[in-house]
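Here is a quick tour of one protein model, written for someone who likes to check contacts and geometry. Have the coordinates open as you read.

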Amino acid sequence: MAVFAVTYTYADGSAAARDEHRPAHREYLGGLSERGVNLCSGPFGPEEAPGALLLFRADSREEAVAHTEKDPFRIQGLVAEVSAQEWVPVLGPLAEHF
């Protein structure tokens, strides 16, 4: 299995709806964490373009993206774009865990 950096770009004008659906979104991602798929995830900082980074363990880029399809943020149309790139951790304290 590989690690993929999955990036969400949030839809314009979706902030209020994200607030509304955030508990279900986090519950869904928590379930992926329990299964060892979601290694770490969170939104970009307030000064960045609205979006998030999710580090997923998957066999392929397609599988990594498929894990996002049942995310309430995606179901509700709050994510305008999803991308995934394989990431190879080499150095630093996190690399020891991959």
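## The aromatic cluster

Let's start with Tyr10, which counts as buried at 9% relative accessibility. Keep in mind that this is a predicted model. Tyr10 pairs edge-to-face with Phe73, with 5.8 Å from centre to centre and 80° between the planes. Tyr10 belongs to strand β1 and Phe73 to helix α3 (residues 72-75), so this pair ties together parts that are 63 residues apart in sequence. Both Tyr10 and Phe73 are buried.

How many aromatic pairs does a search of the whole structure find? The count is two. Tyr8 and Tyr10 also pair up: their ring centres sit 6.5 Å apart with planes at 65°, so this pair is edge-to-face. Tyr8 is buried as well, at 1% relative accessibility. Put together, the ring pairs link Tyr8, Tyr10 and Phe73 into a cluster.

## The nonpolar core

Which residues have the most contacts inside the largest nonpolar core? They are Phe4, Val6, Tyr8, Tyr10, Leu54 and Phe56, in a core of 17 residues. At least two core residues come from each of β1 (2-10), α1 (15-34), β3 and β4. The largest share belongs to β1, with five residues. As background, nonpolar side chains tend to be buried together in soluble globular proteins.

Leu54 is a handy residue to click on here. Leaving out residues up to four places away in sequence, Leu54 touches Phe4, Ala5, Val6, Tyr8, Leu29, Cys40 and Ser41.

## Gly51 in strand β3

Gly51 sits in strand β3, which covers residues 51-58. Is Gly51 buried or exposed? With a relative accessibility of 3%, Gly51 counts as buried, because the cut-off for buried is under 20%. Beyond four places in sequence, Gly51 touches Tyr8, Thr9, Tyr10, Pro43 and Phe44, and two of the cluster residues, Tyr8 and Tyr10, are among them.

For a distance check, try Gly51 and Ser33: they are 18 residues apart along the chain, and their C-alpha atoms are separated by 19 Å.

## Helix α1: a histidine and a salt bridge

Helix α1 is also home to His21. This histidine is buried, at 18% relative accessible area. Setting aside neighbours within four places in sequence, His21 is in contact with Phe73, Gln76 and Leu78. Phe73 is the residue that pairs with Tyr10.

Now for charges. Side chains of opposite charge can pair when their charged atoms come close. Searching the whole structure turns up one salt bridge. It joins Asp19 and Arg22, and the closest N and O atoms are 2.7 Å apart. Asp19 and Arg22 are three residues apart in helix α1, so about one helical turn separates them. Asp19 is partly exposed at 48% relative accessibility, and Arg22 is partly exposed too, at 25%.

## A nonpolar patch on the surface

Which residues form a nonpolar patch on the surface? Leu39, Trp87, Leu94 and Phe98 do, and together they have about 350 Å² of accessible area.

Trp87 is part of strand β4 (residues 79-87), one of the elements that supply at least two residues to the core. With a relative accessible area of 34%, Trp87 itself is partly exposed.

Note on methods: Residues numbered from 1 in each chain as written. Predicted model: local features only at pLDDT ≥ 70, side-chain atom pairs only at ≥ 80, totals over all residues. Heavy atoms only, no water. Helix = DSSP H or I, 4+ residues; strand = E, 2+ residues; numbered from the N terminus. Buried < 20%, exposed > 50% of the residue type's maximum accessible area, 1.4 Å probe, protein only. Contact = heavy atoms within 4.5 Å. Patch = residues over 30% accessible without salt bridge, like charges linked within 9 Å, V, L, I, M, F, W, Y side chains within 5 Å. Areas by Shrake-Rupley, 256 points an atom, 1.4 Å probe, with all protein chains shown as cover. Salt bridge = Lys/Arg side-chain N within 4 Å of Asp/Glu carboxyl O. Core = buried A, V, L, I, M, F, W, Y, C linked by side-chain atoms within 4.5 Å. Phe/Tyr/Trp six-rings, centres within 6.5 Å; stacked < 30°, edge-to-face > 60°.
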